[in-house]
Amino acid sequence: MLFNSLQFVFFFPLVLLFYFNLPVRWRNYFLLAASYYFYMCWKAEYIILIVISTLIDYYAGLAMSRTEDPAKRWKYLLLSMLSNLGLLFSFKYFNFFNESARAVFQHYNLFYDVPVFKLLLPVGISFYTFQTMSYTIDVYRGKTPAESHLPTFALYVSFFPQLVAGPIERSTNLLPQFYRVNSFDRQRFLSGLQQMLWGFFKKVVIADRLAILVNRVYGSPEQQGGVALLIATYFFAFQIYCDFSGYSDIAIGSARIMGFELMENFRRPYFSKSIGEFWRRWHISLSTWFRDYLYIPLGGNRVSRGRWYFNLFFTFLVSGLWHGANWTFVIWGALHGFYLLFSLWTEKARYALVSALGLLKRPGLLRFLRVVTTFHLVLFSWVFFRARNLEQALTILKKIGRFSGWDQFRRMLATPGKTEFLLGLSNGGLIIATLSILLLEVVHLLQRRGPLGERIAPRGGVWTRYAMLYTILLVIIVFGEFNNNEFIYFQF
């Protein structure tokens, strides 16, 4: 079930109605059933994978809590890790590594006959396997007690707002909340609904409109000029942000209405002044997951300098692979790892250059230049993230570098209907998309001092908040693209 579907418009109010009117002892059972139904609307039989992962990790957690023997605790942790990573490898990565091995064998004229598995990738498998693995690791480390109530643990694994695309929650935050008694709260309802509508605005007004152009241009880059590809790349940067952060906003807002607080997943990432800061603002639940469960266990920065560099680069390499079984994602992750290493290697030289140019005395200008530089480094990496394969990514970069097709693009803008034929969006659509992005960034600037709704509502009272909600809803209805586009991160 998609958040941006008519089905969800009926599903969520019914969940709220039953949740707040059921006896407390039945609420978690109801939420579990609703979460399973939510997932089964996509492909019913794949609920078996969630159930298997739930049962194994529930058993592993209890078994670790019943013994102090380090060897036995490690054995149960290994059971959890191998089962979850085994599911992930079988459905997501087997064909990738299989085809890579086939290419190597064929290059050396060696026989290779391992068949390709034709399996549909279960939606959200990378999210719920990482969420449940964090639980067993935390139990093993003694950071959280094992959950003894199976339905509650199953709800932690499958809680429908964040099941298929995060945020990737920690058991220390989410599990205790299922033992709270939540009653309906109007202020919490308005706050959650406002965040949901803002998420819908990002998704259906901005992301899905930008997707029309991005899909057309990136679908046939060999027929496009460099200018069109450059515009599509800029638009993709905002498409993927609005698509993914929009999902997170809807998830966080819907959970808040029911009384649950999920972690923040995005914090205006394109205002980052460095790549390191970008990853403290982008997909926060995943970046902190890799920090806590991969980077730090590898030694973090408390090792030799060479090992520290390896830990950084390897973590980003694995992060790239997490996003997709394709070499383009590996390169995307490697690029971000290289960015971080390069910033460490050149730190003194960059400080000397900035000092020599007198920019230290102009902090506003320096901050602007750092934001622009960081954004374009991220933009460059998005080409590999969006391209179908490495060959296409290199073709796109070559065309952008030549800045070809400017005359064609200028004539296209001057001809009504021409932009729609070549780029998928009419001139009016391009204007709406551009204005929507500008509005988004204005809101982000205003949010630097705190949530906009909370700052405005106290001045004008509850009616101001209602006016904001109706305005956002009206903009969504008038300018939204209601074509039931899946969220981009469903494929991960």
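Is helix 6 largely enclosed by the rest of the structure or left open, and how many of its 9 residues are buried? Keep that in mind as you go through these views of a predicted model.

**View 1. The whole protein, a bundle built from helices.** Start with the big picture: the protein has 21 helices and 0 strands. Its radius of gyration is 24 Å, close to the 23 Å that the globule rule gives for 492 residues, so the protein is as compact as a globular protein of that length. If you drew a box along the principal axes, the C-alpha atoms would fill roughly 70 × 70 × 55 Å. Of the 492 residues, 52% are buried. The chain also makes plenty of long-range contacts: take those between residues at least 6 apart in sequence, and 73% join residues at least 24 apart.

**View 2. The outside of the protein and its charges.** About 23,500 Å² of the protein is exposed, and carbon and sulfur atoms supply 65% of that area. Now for the charges: there are 49 positive and 26 negative ones, and their mean positions are 7 Å apart.

**View 3. Helix 6 and its surroundings.** Here's the reply to the opening question: 7 of the 9 residues of helix 6 are buried, so this helix is largely enclosed by the rest of the structure. The buried ones are T152, F153, A154, L155, Y156, V157 and S158. And what covers them? The cover includes helix 2 (24-40), helix 3 (47-65), helix 5 (125-141) and helix 7.

**View 4. A closer look at S158 in helix 6.** S158 sits in helix 6 and has a relative accessible area of 0%, so it counts as buried. Skip the residues up to four places away in sequence, and you'll find S158 touching L32, S35, Y36, I50 and L163.

**View 5. The salt bridge between R170 and D292.** Side chains of opposite charge can pair when their charged atoms come close. The structure holds 12 salt bridges, and one of them joins R170 to D292, with the closest N and O atoms 3.1 Å apart. This pair ties together distant parts of the chain: R170 is in the loop between helix 6 (150-158) and helix 7 (171-174), while D292 is in helix 11 (residues 284-295), 122 residues apart. Both partners are buried. There's a third player too, as R170, R291 and D292 are linked in a network of salt bridges.

**View 6. K202 and its partner D249.** K202 forms a salt bridge with D249, and here the closest N and O atoms are 2.8 Å apart. Once again the pair links distant parts of the chain: K202 belongs to helix 8 (residues 186-219) and D249 to helix 9 (residues 226-258), 47 residues apart. Are these two buried or exposed? K202 has 3% relative accessibility, so it counts as buried. D249, at 10% relative accessibility, counts as buried as well.

**View 7. The neighbourhood of K202.** Stay with K202 and look around, leaving aside its neighbours within four places in sequence. K202 is in contact with A207, Y241, C242, S245, G246, D249 and L440. Another residue to find is G480: K202 and G480 are 278 residues apart in sequence, but 9.5 Å apart in space, C-alpha to C-alpha.

**View 8. The salt bridge between E277 and K273.** In this pair, the closest N and O atoms of E277 and K273 are 3.5 Å apart. Why does E277 count as buried? Its relative accessible area is 11%, so it is buried, being under the 20% cut-off. K273, at 26% relative accessibility, counts as partly exposed.

**View 9. D138, a buried charge with no salt bridge.** D138 lies in helix 5. Which side chain of opposite charge is nearest to D138, and how far away is it? That would be R141, 4.6 Å away, and D138 is buried yet has no salt bridge. For a salt bridge, the nitrogen has to be within 4 Å of a carboxyl oxygen. D138 does have other company: not counting residues up to four places away in sequence, it touches K143, T144, S171 and Y293.

Terms used. Residues are numbered from 1 along each chain as its sequence is written. This is a predicted model: local features need pLDDT of at least 70, side-chain atom pairs count only at pLDDT 80 or more; totals for chains, interfaces and linings use all residues. Side-chain values use heavy atoms; hydrogens and water are left out. Helices (H or I, at least four residues) and strands (E, at least two) are DSSP runs, numbered from the N terminus. Buried means under 20% relative accessible area, exposed over 50%, partly exposed in between (1.4 Å probe, protein chains only). The radius of gyration is taken over C-alpha atoms; the globule rule is 2.2 Å times the number of residues to the power 0.38. Contact means heavy atoms within 4.5 Å. Accessible areas come from the Shrake-Rupley method with a 1.4 Å probe; for residues, only the protein chains shown count as cover. Lys and Arg count as positive and Asp and Glu as negative; His and the chain ends are not counted. The place of a charge is taken as NZ of Lys, CZ of Arg, CG of Asp or CD of Glu.
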